[in-house]
Amino acid sequence: MEIICCLKQVPDTEAEIRPTADNTSINYEGIKFVINVYDEYALEEALKIKEKAGEGTVTIVTLGPERAGESIRTGLAMGADKAVHLDDPAFLGGDAYATAKALAKAIEGMTYDLILCGLRAIDDDSFQVGNILAEFLDLPSVMGIVKFDLLADKKKATVHRQIEGGIEVLEVPLPAVFGATKGLNEPRYPSLPGIMKAKKKELKPIKLADAGLSEGEVGKQGALTTVSKFSLPPLRQAGKIVPGDTPEEKALNLAKLLREEAKVI
Amino acid sequence: MAGIWVYAEHKDGKVKKVTFEILGAAKKLAEKNGEPLCGVLIGSGVEAMVPVVGSYGADTVYCVEADDLGAYTTGGFAKALCDLVQQERPSIVLFGASINGKDLSARVAGRLGVGLATDCTDIGLDDAGRLQVHRPMFSGKVYADMVFADVTPQMASIRPNVMTTAAPNAARKPKVVKVTPTVKSEDLLVKVVEVIKTGGEKLDLTEAEIIVSGGRGMKGPENYKILEELADVLGGVVGASRSAVDAGWRPQSDQVGQSGKVVTPNLYIAAGISGAIQHLAGMGTSKVIVAINKDPEAPIFKKANYGVVDDLFKVVPAFTEECKKLKAD
């Protein structure tokens, strides 16, 4: 099984996110970066599929700045075999469309049986790259899977997709693009030998020209949507502490406040 | 007069509420641009839903019907919608930011090569009549104003529970355009084998107007029944913090927060939730927040409109009783 896993580096969920002073970008100073957790589910599943098949290669594909290399090494330490890093300033600052286009160009020439990615990245929250990537590669896509089973002929997979109030069971011919979501698996931690081995694994940088792309096609210039301004959400002020001497009194007062003042019940 | 389109998502023969919310918001854009407002129904046996889409403001309803479209699949629905967009050339297409709304819009945006903004909380038009949107990023830790490149249609998915629904007018009779899509076998490579219902008739968290959520302070899965009783009385649904989900007390689909669902209910009741930054990001735009926690220092109180500092196991059942009395009046 030749498996491609798209992996993005994002700020840790603990991080406080603030715009820069001019509100045109995000202030990433002092922020800790990690692998997007949805991509961790994708990578864990890729490793499991390979282990179960008893053969194959898991290749990480990442688009991001130089620092994303650290997250790629973590992915290699978890057990991926090799990686490519779309590492050129021209790739950066784009939207989902521009990013998917660059990823598709890098993947186009590779051999693969399936592609796994995260349902979403927890920074942009776009929920788009997997589907647009599939569109560029002319592949079927299923986003939001919580279970993946490769059929015996290795030409098809049965997956469970989470929907509102239920689970869809789908049969998908390969190759296809799958978007992983929470519930699919518990990602492993890199082992110490894994970390040692990762240092020697292939991590190939791809520049704009290597991908056969020109400036203007990808990154900020290739984007179809642009952020004109970032802002912080309106500050919520701490409200009232509901008065009362006993829990019952507080409950009564809360009910009154919600009915008469807030008018929500 | 290209038109502003609203993808009318439906489930079990009923149009989803978010569709009406978007029709309400899109009507203003359509009037400003002098364009018709159109609803698009895709599926099998969807014609029965035309009147309701019209009653919420659609001037025209496209009824895209095929037996092959009985169940939602990304490939089938994307083909049906892309073909219609390419034929009719709307200027803007809007979707509900539901699971399938986000899925379909992304695939369609990729095929058409047009811009798409996800999960928007506000939409408007610039001077040239182009869509501009306001949307959360980092699960609401920051917001972005976004503009679109000069290609049409501009597309956006809209967060449920944010836009105001206009009052329906059953006397409005929309123009109906029946469309027979050319969906082929290569569009239907993914087969729906089965749909397993897990949530019963319960609303999804993202669509709920009242959410009663429990965290680590619930102490165990068995104690959620007091939250379920309260949710039942209020007509709401139960949510959970990440720690409650990670402990296996509640299903993943109940998780509110940065690695779960972002919700915007009218009322969010947080019981035994301390208020980690990831959780606050997921529920911070709720209209009214109530926190019930015995620790007065819990960060959740800084975001709550109403704070109850006490033992939730005493407060919640007493509050449920008070709500029952109110509802009985």
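**Exercise 1. Strand pairing in chain B**

Task: In this predicted model, which residue of E5(B) is the bridge partner of Gly43(B), and into what sheet do the strands of chain B assemble?

Solution.
1. Gly43(B) has Glu65(B) in E5(B) as its bridge partner.
2. Strand E4 (residues 37–43) and strand E5 (residues 60–65) of chain B run parallel and are joined by 6 bridges.
3. Both strands appear in an open sheet of 7 strands in chain B, ordered E7-E11-E6-E1-E4-E5-E12, with parallel pairing.
4. Strand E7 (116–120) and strand E12 (175–179) of chain B are the edge strands, each pairing on one side only.
5. From one strand to the next, the twist averages 20°.

**Exercise 2. Helices on the sheet**

Task: Which strands do helices H1 and H3 of chain B touch?

Solution.
1. Take helix H1 (residues 17–33) of chain B: this helix packs on the sheet and touches strand E1 (4–7), E4, strand E6 (92–96) and strand E11 (154–158) of chain B.
2. The direction of H1(B) makes about 175° with that of E1(B).
3. Helix H3 (residues 74–88) of chain B also packs on the sheet, where it touches E4, E5, E6 and E12 of chain B.
4. The direction of H3(B) makes about 145° with that of E4(B).

**Exercise 3. A loop glycine**

Task: Where is Gly129(B) placed, and is Gly129(B) buried, exposed or partly exposed?

Solution.
1. Gly129(B) lies in the loop between strand E8 (122–125) and strand E9 (131–137) of chain B.
2. Within 10 Å there are 14 other C-beta atoms. A residue is buried at 20 or more and exposed at 12 or fewer, so Gly129(B) is partly exposed.
3. For a distance check, take Val162(B): C-alpha to C-alpha, Gly129(B) and Val162(B) are 22 Å apart in space, and they are 33 residues apart in sequence.

**Exercise 4. Helix H8 of chain B**

Task: What span should helix H8 (residues 312–328) of chain B have, and what covers its buried residues?

Solution.
1. The helix has 17 residues, and the expected span is 1.5 Å times one less than the number of residues.
2. That gives 24 Å, which agrees with the 24 Å between the end C-alpha atoms of H8(B).
3. The buried residues in H8(B) include Leu312(B), Val315(B), Phe319(B) and Cys323(B).
4. Their cover includes H7 of chain A, together with helix H5 (225–234), strand E16 (267–271), strand E17 (288–293) and E18 of chain B.

**Exercise 5. Domains and the contact between chains**

Task: How are the chains divided into domains, and what makes up the side of chain A that touches chain B?

Solution.
1. Chain B is assigned domain 1 (4–187) and domain 2 (205–328); their centres, taken over C-alpha atoms, are separated by 32 Å.
2. Between these domains of chain B, 11 residues of domain 1 are in contact with 11 residues of domain 2.
3. Chain A has domain 1 (2–222) and domain 2 (235–265), with 46 Å between their centres over C-alpha atoms.
4. Across the chains, 67 residues of chain A are in contact with 77 residues of chain B.
5. Elements of chain A that each supply at least two residues to this side include helix H3 (96–108), strand E8 (156–163) and helix H7 (247–261).
6. H7(A) gives the most, with 9 residues.
7. By class, the side of chain A that touches chain B has 36 nonpolar, 15 polar and 16 charged residues.
8. Strands also pair across the chains: E13(A) and strand E18 (residues 306–309) of chain B are parallel over 2 bridges, and Ile241(A) stands opposite Gly307(B).

Methods
Residues are numbered from 1 along each chain as its sequence is written. Chains are lettered from A and ligands numbered from 1 in the order in which they are written. This is a predicted model: local features need pLDDT of at least 70, side-chain atom pairs count only at pLDDT 80 or more; totals for chains, interfaces and linings use all residues. Two residues are in contact if their C-beta atoms, placed from the backbone, lie within 7 Å. Helices (H or I, at least four residues) and strands (E, at least two) are DSSP runs, numbered from the N terminus. Ala, Val, Leu, Ile, Met, Phe, Trp, Tyr, Cys and Pro count as nonpolar, Asp, Glu, Lys and Arg as charged, and the others, Gly among them, as polar. Two strands pair if DSSP finds at least two bridges between them. Domain bounds come from an automatic or database domain assignment. Axes are lines fitted to C-alpha atoms, for helices over the stretch in contact, and angles run from 0 to 180 degrees between N-to-C directions.
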